[in-house]
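Hi,

Here is the structure I said I would pass on. Have a look at it first, and then read my notes underneath.

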Amino acid sequence: MPGETKDLSYFEGKIVPSEDAKISIQTHAFQYGTAVFGGIRGYYNDTQKNVFVFRILDHYKRLVNSTKIMQLQFDKTPEELAEITLKLIRDSNLKQNVYVRPIVYTSALQLSPRFHDVKTEIAIYVLKLDDYLDTQNGLRTMVSSWARFSDNQIPTLSKVSGGYVNSALAKSEAVQNGMDEAIFLDARGFVSEGSAENIFLVRNGEIHTPSVPSSILEGITRRSILKIATDLGIKVVERDIARSELYISDEIFFSGTGVQVAWLKEVDRRKVGDGNIGPITKKIQSLFFNVVRGEEAKYKDWLTPVY
């Protein structure tokens, strides 16, 4: 039927029905979390009747870097991965907001946790996805009792699957305590990030955000926010941030592929600012959503049309 969508995935070198993209329970990555992954969004512009994928090459460059850090055998280029992804979305006939999940995993059926000298594969699937967390009404958050792991424990610049046990513990703790999301401190006690988001504080008209040594993942959306804020004439400072600064910030917001740009109304039962979205966050959020939908010509090089 015209307009009918298909549930397809890229698996073992070809595009197949998702129901056929299956791994064995003996798969190395399933046992040990020895995989790296990414998250990429595509936004549908109803006026232009097209899906625009946001910073696809930047996402795949980070994925390739993750394989390098973790010693995964992998030889595809970001450009090759981008072409596969665009074809997957086209073949699926998806004309709405989408989320793409590529994962490079150790596919051998063997024991012994390691990364080197183990066969790998890449799988890519695509989902229909709008908001992952509430971007409009403000999030209630708490500082987690779980610390963010350090770069000398699990490389924080690699989006490695096994490391997300850390995130899952923090997220569950937050939700089970009636909150929407968690905030990690790093091993030194400084603010790091959310369970799957980068964090920004607004103080005295400036944006402050944790730097790489705070065990953050270098988010692609984070990089975009830094550029957008600078273009808007807002000073951005990357530095160590003390926990107590969360309680006296004028505004706080998260960024990430999943969360996009979402503001916080509460941290540890303390109101952020006046409890409403702040003017700087609102300005950045508004511009960001215009950018990803292809409505800002200045940032058109961040977008790749699917059709």
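Below is what turned up, going from the surface to the buried spots. Keep in mind that this is a predicted model.

Let's start outside. Asp130, Asp131, Asp134 and Asp180 together make up a negative surface patch. One of these, Asp130, lies in the loop that runs between strand E7 (120–128) and strand E8 (139–143). Its relative accessible area is 51%, and since exposed means over 50%, Asp130 counts as exposed.

Now for the inside. Ser224 belongs to helix H5, which covers residues 220–231. Is Ser224 buried or exposed? The relative accessibility of Ser224 is 0%, so this residue is buried, the cut-off being under 20%. What does Ser224 touch, once you leave aside its neighbours within four places in sequence? The contacts of Ser224 are then Phe54, Arg55 and Trp302.

The other buried one to look at is Gln285, in helix H7 (residues 279–292). Gln285 has a relative accessible area of 6%, so Gln285 falls under the 20% limit for buried too. Setting aside neighbours within four places in sequence, Gln285 is in contact with Thr135, Gln136, Val261, Ala262, Trp263 and Ile277. You can also find Phe253 from there: the C-alpha atoms of Gln285 and Phe253 are 9.4 Å apart in space, while the two residues are 32 apart in sequence.

If you open the model, try Asp130 in its loop, then Ser224 in helix H5 and Gln285 in helix H7.

Cheers

Conventions: Residues are numbered from 1 along each chain as its sequence is written. This is a predicted model: local features need pLDDT of at least 70, side-chain atom pairs count only at pLDDT 80 or more; totals for chains, interfaces and linings use all residues. Side-chain values use heavy atoms; hydrogens and water are left out. Patches are made of residues with over 30% relative accessible area and no salt bridge: like charges are joined within 9 Å, nonpolar side chains (Val, Leu, Ile, Met, Phe, Trp, Tyr) within 5 Å. Accessible areas come from the Shrake-Rupley method with a 1.4 Å probe; for residues, only the protein chains shown count as cover. A salt bridge is a side-chain nitrogen of Lys or Arg within 4 Å of a carboxyl oxygen of Asp or Glu. Lys and Arg count as positive and Asp and Glu as negative; His and the chain ends are not counted. The place of a charge is taken as NZ of Lys, CZ of Arg, CG of Asp or CD of Glu. Helices (H or I, at least four residues) and strands (E, at least two) are DSSP runs, numbered from the N terminus. Buried means under 20% relative accessible area, exposed over 50%, partly exposed in between (1.4 Å probe, protein chains only). Contact means heavy atoms within 4.5 Å.
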